[in-house]
Amino acid sequence: MPITFKPIELFGGAITANLPASYADVSNIREVPDHQEIYLDASGFSSVIIEIAERVSDPPTDQEALKFHFEDIVDEHDTSRVWHTDVAQLVHLPPNAPCYTLLATTTPPPATNGNIHAKTPSFTAVLLTMIRLEAQSTDIVVTVNIPHIPGHQEPSNGEVSFEERKFGSLVEDGIKIRDEVWRSLEVRDWGLFGGGGDVL
């Protein structure tokens with residue numbers, strides 16, 4: 001089923017991007033930190049998080065910064081694995097703003113004493129994009145989270161295999177969402193990052 005997208009104003013309109021029309025702004029139901037925008041699938045469990053983060057400069061390479069941002073969102077008790085990293089292309093950003101992406105999975109620890117919650121995912125696929133804005137001392141981190149919950153969404157018949165690049169329909173939809181963000185994300189007001197609003 002095709003995904004319908006609509007333009008969304010983020011951070012008071014300073015950034016715009018196309019997100020699924022079925023996704024709802026989480027700030028309408030609970031408090032969200034000022035440096036984040038969170039949109040949740042109203043009919044499922046997937047989400048998109050856009051975060052304005054301080055630029056990571058301690059790891060000396062962009063790949064290490066990408067790994068840092070991923071590890072920052074992983075629960076300390078979860079097991080994680082990065083399956084793929086690559087360079088990303090965001091068409092509305094300056095050409096000297098390097099962008100990188102990764103595909104990873106996180107898996108919660110086994111439940112103890114039969115304490116299994118009905119909505120606990122067997123694993124969550126993570127599509128993370130990092131946009132490096134050196135002049136603004138900022139990293140924009142866009143994360144598409146796709147939980148796989150037993151009995152919901154994906155059939156548990158072995159069709160999902162990251163080793164064989166069989167991602168299943170949920171992750172394929174997540175890739176479409178990520179790619180649409182790449183095509184549409186635009187900074188409308190560089191003053192969001194301070195420094196007088198100068199572009200790179």
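**Strands, sheets and helices in a predicted chain**

Modeller: Strand 3 (residues 23-25) runs antiparallel to strand 4, and three bridges join the two. This is a predicted model, in which local features need pLDDT of at least 70, side-chain atom pairs count only at pLDDT 80 or more, and totals for chains, interfaces and linings use all residues. Residues are numbered from 1 along each chain as its sequence is written, and side-chain values use heavy atoms, with hydrogens and water left out.

Colleague: Why are strand 3 and strand 4 said to pair?

Modeller: Two strands pair if DSSP finds at least two bridges between them. Strand 3 and strand 4 have three bridges, so they pair under that rule. One bridge partner set is Ala-24 with Leu-40 of strand 4.

Colleague: What makes a stretch of the chain a strand or a helix?

Modeller: Both are DSSP runs, numbered from the N terminus: helices are H or I with at least four residues, strands are E with at least two. By that count the protein chain has two helices and 10 strands. Along the sequence the pattern is β-β-β-β-β-α-β-β-β-β-α-β.

Colleague: What makes strand 4 largely enclosed?

Modeller: Buried means under 20% relative accessible area, exposed over 50%, partly exposed in between (1.4 Å probe, protein chains only). Five of the six residues of strand 4 (residues 36-41) are buried, so the rest of the structure largely encloses this strand. The conclusion for strand 5 is alike in form: six of its eight residues are buried, so strand 5 is largely enclosed too. For the protein chain of 200 residues, the buried share is 44%.

Colleague: What joins strand 4 to strand 5?

Modeller: Five bridges join strand 4 to strand 5 (residues 47-54), in the antiparallel sense. Ile-38 has Ile-49 as its bridge partner in strand 5, and Glu-37 has Ile-50. The two strands form a hairpin, with five residues between them.

Colleague: Which strands make up the seven-strand sheet, and in what order?

Modeller: The order is 3-4-5-9-8-7-6, in an open sheet with antiparallel pairing. Strand 3 and strand 6 (79-87) each have a single partner strand, so one side of each has no neighbour in the sheet. From one strand to the next the twist averages 20°. Inside this order, strand 5 is joined to strand 9 by eight bridges, with Ile-52 facing Ile-140 as bridge partner. Strand 8 (residues 123-133) and strand 9 (residues 138-148) run antiparallel and are joined by 11 bridges, and Ala-125 has Ile-146 of strand 9 as its bridge partner.

Colleague: Which strands does helix 2 touch in that sheet?

Modeller: Contact means heavy atoms within 4.5 Å. Helix 2 packs on the sheet and touches strand 3, strand 5, strand 7, strand 8 and strand 9, with its direction at about 160° to that of strand 9. Axes are lines fitted to C-alpha atoms, for helices over the stretch in contact, and angles run from 0 to 180 degrees between N-to-C directions. Helix 1 (residues 62-73) lies across strands including strand 5 and strand 6, at about 135° to strand 8.

Colleague: What is the order of the three-strand sheet?

Modeller: The order is 1-2-10, again open and antiparallel. Strand 1 (5-10) and strand 10 (186-187) are its edge strands, each pairing on one side only. Helix 2 (residues 168-184) packs on this sheet, touching strand 1, strand 2 and strand 10, at about 155° to strand 2.

Colleague: Why do strand 2 and strand 10 count as paired?

Modeller: Strand 2 (residues 15-20) and strand 10 have two bridges, in the antiparallel sense, so the rule for pairing is met. Thr-16 has Glu-186 of strand 10 as its bridge partner.
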